[in-house]
Amino acid sequence: MTELLNTLYVQTQGSYLRLEHDTLKLDIEGKTAAQIPLHHLGGLVVFGNVLLSPFLLHRCAEDGRSVVWLSQNGRFKARLSAPTSGNVLLRRAQHATLDCPERTLQLARRMVAGKLQNARTVLLRAAREASSPESEGTLRGAAALHAQAILGLPRLRYLDEVRGAEGDAAGAYFAAFNAMIRTQKADFTFTGRSRRPPRDRVNALLSFLYGMLRNECASALEGVGLDPQVGFLHALRPGRPTLALDLMEELRAPLADRFALTLINLGQIKPQDFTSRPGGAVELNETGRKTVITAYQKRKQETLTHPLLKKPVPVGLIPHVQARLLARHLRGDLLEYPPFFYR
Amino acid sequence: MTTTKTPSPSSPDDPVPISALQHYLYCPRQCALIHVEQTFEENLYTLRGRRVHEQAHESGGEVVAGVRLERALPLYSESLGLIGKADVVEFLPDGAPYPVEYKAGARKKRNADDVQLCAQAMCLEEMLGVSIPEGSLFYDRSKRRRVVAFTEALRETVQSAVQRVRELFEEATLPAPPADERCKACSLLDACMPYEVQHLHQRGVPDPFTVEDA
């Protein structure tokens, strides 16, 4: 397993990252503001106008360190792709699976089962900690719907039915989401999922975290040699990382939603960490992003017991473990794909 | 030794890397993970190994006490279908080549290192048209050399290993994990998941379509 090393996030505009021997130097206005031995870093994420020297890029490509460029607001723009791109037989198997409707259906059912299981666990946990009997009832109701949907999945015969079941469950989940917010309720009211742009603080936070998780899923898939664009549950569309979205589904509730709720409920994130734009869009501002990234980096180092490996795995490595299990399934080493279960 | 075979770009029998022989003899699944699945995991052992090899590979050639050293010498044998690189080949004053392979750890129980060195010698024999009776393994931990005699039996082990590796590459599947004492010392332990995969092979993957009581 790749060692979980720190990801360096750079959002200071106009900064310049370069390589000096085995050390990364961060220059701001011509002065070296930080230097980090490269072997401490697992990847780089840069926001907006941040420059990287060609030699630093070469070295990251050689070592398999990820480099991701985001817009200043955190929207994914590009990723560094190294020359060795894994096993062509694996990518063949990935495409062959997609060409077989029965195998695609099986895989999609298992991915959705993983998503619903984990969403249900998050709902039930929140129900146990609920701030009012009404909230608890709402959350238990949504969890019961998830249980029904899980039991119904094996009967579904078409991919669109599986997508439909997933969509229905997601509707129930987000309808109950507000009941999971226990503190700062006036400032953090979830008014249904809104994207492009997010229209409240909770949505802004969720979108930012989903973006980070999506990058990590895409990197993890590339790390095992899978094509992040060739997914099974999500419909193929040019430019869309559908396999990264597939892998993300089972991880959204435990790794992103639960984390967002912790930030809100423990008061780690505040209303002033967000900026409202004319017309209703809400975004995390620079201090807000800093708070979220710092907490997220810490969260990635914490461990969860992987139900299959039966040992503690750092949260940040869970996408990598799942990507590897998926690759193994596609190549026939594992008969079925085992989704991650959050307990 | 002369070569008669013409290399062809479309030849189905691509050369086998000498390193694959060593991996195969340690564990066929390890060999398939590295050479078929293209898995590579850096850990303490591989990093140490890399450092030792980087030292061994620093320059191309030099002369020490009448012995010419060739470092990182490319090797091939068309008759065996092997390619590789020798850490160091010493050319004695009479011109006789003597391969030396650098190893990071201590001497291992299995004969994989001996096979690797012998395969290097067999390549050199074909490349230079000479016969090479022995070579040495240098263990970085003990700083000692161990002489390996290239016996008929060892040469046969090399040949049969090449054959089995070629079959593994053609089949291009992952052999089942051994899940034995080898796994503990393996650099690919985390990528291989030997115990978990063995467990899943025996009991199947957990059913995700059941629910536990709330």
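## Terms and model

A residue is called buried when its relative accessible area is under 20%, exposed when that area is over 50%, and partly exposed in between, using a 1.4 Å probe and protein chains only. By this rule A:Glu283, at 24% relative accessibility, is partly exposed.

The model is predicted, so local features need pLDDT of at least 70 and side-chain atom pairs count only at pLDDT 80 or more, while totals for chains, interfaces and linings use all residues. Residues are numbered from 1 along each chain as its sequence is written, chains are lettered from A and ligands numbered from 1 in the order in which they are written, and side-chain values use heavy atoms, with hydrogens and water left out.

## Where the two chains meet

Chain B uses 27 residues to contact 32 residues of chain A, where contact means heavy atoms within 4.5 Å. The area buried between the chains is about 2500 Å², and carbon and sulfur atoms give 58% of this area. Buried area here is the accessible area (1.4 Å probe) that two parts lose on being put together, summed over both. On the chain B side, the most area is lost by B:Pro208, B:Phe209 and B:Val211, which together account for 27% of what that side buries.

The interface of chain B and chain A has four salt bridges. A salt bridge is a side-chain nitrogen of Lys or Arg within 4 Å of a carboxyl oxygen of Asp or Glu. A:Arg343 and B:Glu212 form a salt bridge, with their closest N and O atoms 3.7 Å apart. There are also 12 residue pairs in polar contact between the chains, both residues being at pLDDT 80 or more. A polar contact is a pair of N or O atoms within 3.5 Å; within protein, one must be able to donate a hydrogen and the other to accept it, and residues adjacent in sequence count only if both atoms are side-chain atoms.

Helices H2 (28-35), H7 (189-192) and H8 (194-203) of chain B each give two or more residues to the side that touches chain A. H8(B) supplies the largest share, four residues. Helices (H or I, at least four residues) and strands (E, at least two) are DSSP runs, numbered from the N terminus.

## Salt bridges in chain A

Over all chains, the structure holds 30 salt bridges. In one of them, A:Glu166 meets A:Lys115 at 2.8 Å, N to O. A:Glu166 lies in helix H5 (residues 159-175) of chain A and A:Lys115 in helix H3 (residues 101-128) of chain A, so this pair ties together parts that are 51 residues apart in sequence. A:Glu166 is buried at 13% relative accessibility, and A:Lys115 is buried at 13%.

A:Arg328 and A:Asp333 also meet in a salt bridge, at 3.2 Å, N to O. A:Arg328 is buried at 6%, and A:Asp333 is buried at 4%. A:Arg277 forms a salt bridge with A:Glu283, with 3.1 Å between the closest N and O atoms; A:Arg277 is partly exposed at 41%.

## Cysteines and a buried arginine

The whole structure has zero disulfides over all chains, a disulfide being a pair of cysteine sulfur atoms within 2.5 Å. For B:Cys183 the nearest cysteine sulfur, that of B:Cys192, is 6.0 Å away. B:Cys183 is buried, at 6% relative accessibility.

B:Arg182 belongs to helix H6 (residues 181-184) of chain B. B:Arg182 is buried at 18% relative accessible area, and its side chain makes a polar contact of 2.8 Å with that of B:Asp180.
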